[in-house]
Amino acid sequence: MSRATLPAWWPRPGVEVRLTLGLVAIFLAVIFLLDVLFGLIPDRARTELVARQTTSTALALLVTQGIEQGGRLPQAAIRQLAEQDREVLSVALQQQGRPRTTLIGNHAAHWTLPPGERSTLTQVRVAIRDAQSQPWGTLEIAFRPIYPTSLAEVLAAPVVRALLGIVVLSSVAIWLYLRRVLQHLDPGQVIPERVRDAFDVLDEGIVILDPQARVMMANEAFRRLAPLQQPRRAVTIGQPVTQLDWLCRALDGEEPEPAEAPWTSAVRTAAPSEEREVRIGPADDPAQVREVLVKCTPVLDPGGQVRGSMLRLRDVSALHQLNRALQTSQQALRERNEELGRLATRDPMTGCLNRRAFFEQASRLFELADQRGEGLVCVMADIDHFKQFNDRHGHATGDQVIKAVAAILAGGVRGTDLVCRYGGEEFCLLLPQREAADVLMLAERLRREIEDTAGSQVTSVAGLRVTSSFGMALFEPGLAGLAALVDRADQALYDAKRTGRNRVSRWPVSEPETA
């Protein structure tokens, strides 16, 4: 929203001061207009011209009398006459054929009129004649400049002092008068006191604006929203709402092109503005920032004409804080539920599925394979000679062996495959949508990885050799159930252990030869 913004240091005079300055300016303009039309202020140049002509004539008469009386000039009379006229700076007598004679003052410093030039208001020549009316010489008189040449002379001028006196006295008188009158013309009196008290009870900030967006009333909730130390002084009745910089900055937000002000929209369309959420408060102090919903509604008269608007600000900071706290609690609850679910479905040592969770998920995969005719392979794996690890190196070492093998198995399959700790050192893998050849290669790769790397992951015993045996069975249509598939994989595992361990065996297995 476009508005003229003054710097923070710029003084903001009150209504009385602004009206006083305006009225005094109008009064001075009227005085100058009257002077132009009717000559209200005396013309100083004309007055001084008459006075200087009189002084020059008197001085010339004194000099002429002295010449007629034998050439003796009345120095005392000339000095007395010059002192009576304070505008005289110097006087000199220029007799023909003789040097200039200075009678009063420093004539050489004040006389600047070139020979032959006509007299001016400050440089006056008067021709002197003798008793026979013959040219005798010239009387030169230097006067002060008519118009001031410095600030002190300007302020000392009677007209200026009169105008300054008029400005000061009229300003005081008008200001006192306006203070009295504005008490009866207070725009806040448009709204009855009981209505203002009713608005002050509300928790929402309410501002009543006239059509020019000037504040007619603001309740206490609105004043408290202002980020100032003295909230009661944050809003002045009659001031434009655009002068509330904290509100305008919040409405502008960080948008590159500020949107139309809600009060402007409400008055222009005669309809409520859209409700907007803004943030009020210092950006450098998030704890003081308030989240506020702003909406402006037009105030209409019985004829439907817009007579103003009502700006409503609803502080929803507490609600947002509760929502954020609730979201945090819900997130913590979800994480806790996920942890409980993991504990309920996973083996705590290896992180693999436990048997109950495995059979729940594996049963669904088995049904899908049976319905769609897709490939499904079950693999049983067992750590070879596991009891020896516990007997020779202790159960802690045995646990490390189980963890190392479980990590290799879980890291070697897809995310859709199931890995279950089926027994103490026995694992079961169910791989949907896989062909037997692919699973056979996978099992062989896992077997080699366990043989090559599992022992090195056991830190308690150096050089430990760990191997595993694998048995796999492929789903076939008409199979009795998941348990039958797992049993076939288990028989294949038994065959792998029977025929030398550290190998992969596939169901159906060959019958052992009898002696």
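Where in the chain is the place of V30? Select V30 and you land in helix α1, which covers residues 15–38. Keep in mind throughout that you're looking at a predicted model.

**Stop one: the patch around V30**

With V30 still selected, check how much of the residue is covered: its relative accessibility is 43%, so V30 counts as partly exposed. Now add L23, I26, L33, L34, V36, L37 and F38 to the selection. Together with V30, these residues form a nonpolar patch on the surface, and the accessible area of the whole group is about 810 Å².

**Stop two: zoom out**

Show the whole protein chain as a cartoon. There are 16 helices and 14 strands to find. The radius of gyration is 55 Å, well over the 24 Å that the globule rule gives for 515 residues, so the chain is more spread out than a compact globule. If you draw a box along the principal axes, the C-alpha atoms fill roughly 185 × 70 × 40 Å.

Colour by burial next, and 37% of the 515 residues come up as buried. Switch to a surface view: the accessible surface comes to about 30,900 Å², with 54% of that belonging to carbon and sulfur atoms. As for contacts with a separation of 6 or more, 56% of them are between residues 24 or more positions apart.

**Stop three: the cysteines**

A disulfide is a covalent bond between the sulfur atoms of two cysteines. How many disulfides does a search of the whole structure find? Zero. Pick C248 to see an example: the nearest cysteine sulfur belongs to C296 and is 12 Å away. C248 has 0% relative accessibility, so this residue counts as buried.

Then jump to C352. Its nearest cysteine sulfur is that of C420, 7.8 Å away, and C352 is in no disulfide either. At 4% relative accessibility, C352 is buried too.

**Stop four: salt bridges**

There are 26 salt bridges in the whole structure. Here are some to click on.

Start with E204 and R312, whose side chains meet in a salt bridge at 3.7 Å, N to O. E204 sits in the loop between α7 (193–201) and β5 (205–209), while R312 is in strand β9 (residues 306–315), so this pair ties together parts that are 108 residues apart in sequence. Both ends are partly exposed: E204 has a relative accessible area of 23%, and R312 has 26%.

Next, select D301 and R307. Their side chains form a salt bridge of 2.9 Å, N to O. Which end is buried and which is exposed? D301, at 19% relative accessibility, counts as buried, whereas R307 is exposed, with a relative accessible area of 54%.

Now go to helix α16 (residues 482–498) and pick out R498 and D495, which are three residues apart there, or about one helical turn. The closest N and O atoms of this salt bridge are 2.4 Å apart. R498 is partly exposed at 35% relative accessibility, but D495 is buried, with a relative accessible area of 8%.

Finish by selecting E444, R447, R448, E451 and R465 as a group. Salt bridges that share partners join these residues into one network.

Technical notes. Residues are numbered from 1 along each chain as its sequence is written. This is a predicted model: local features need pLDDT of at least 70, side-chain atom pairs count only at pLDDT 80 or more; totals for chains, interfaces and linings use all residues. Side-chain values use heavy atoms; hydrogens and water are left out. Patches are made of residues with over 30% relative accessible area and no salt bridge: like charges are joined within 9 Å, nonpolar side chains (Val, Leu, Ile, Met, Phe, Trp, Tyr) within 5 Å. Accessible areas come from the Shrake-Rupley method with a 1.4 Å probe; for residues, only the protein chains shown count as cover. A salt bridge is a side-chain nitrogen of Lys or Arg within 4 Å of a carboxyl oxygen of Asp or Glu. Helices (H or I, at least four residues) and strands (E, at least two) are DSSP runs, numbered from the N terminus. Buried means under 20% relative accessible area, exposed over 50%, partly exposed in between (1.4 Å probe, protein chains only). The radius of gyration is taken over C-alpha atoms; the globule rule is 2.2 Å times the number of residues to the power 0.38. Contact means heavy atoms within 4.5 Å. A disulfide is a pair of cysteine sulfur atoms within 2.5 Å.
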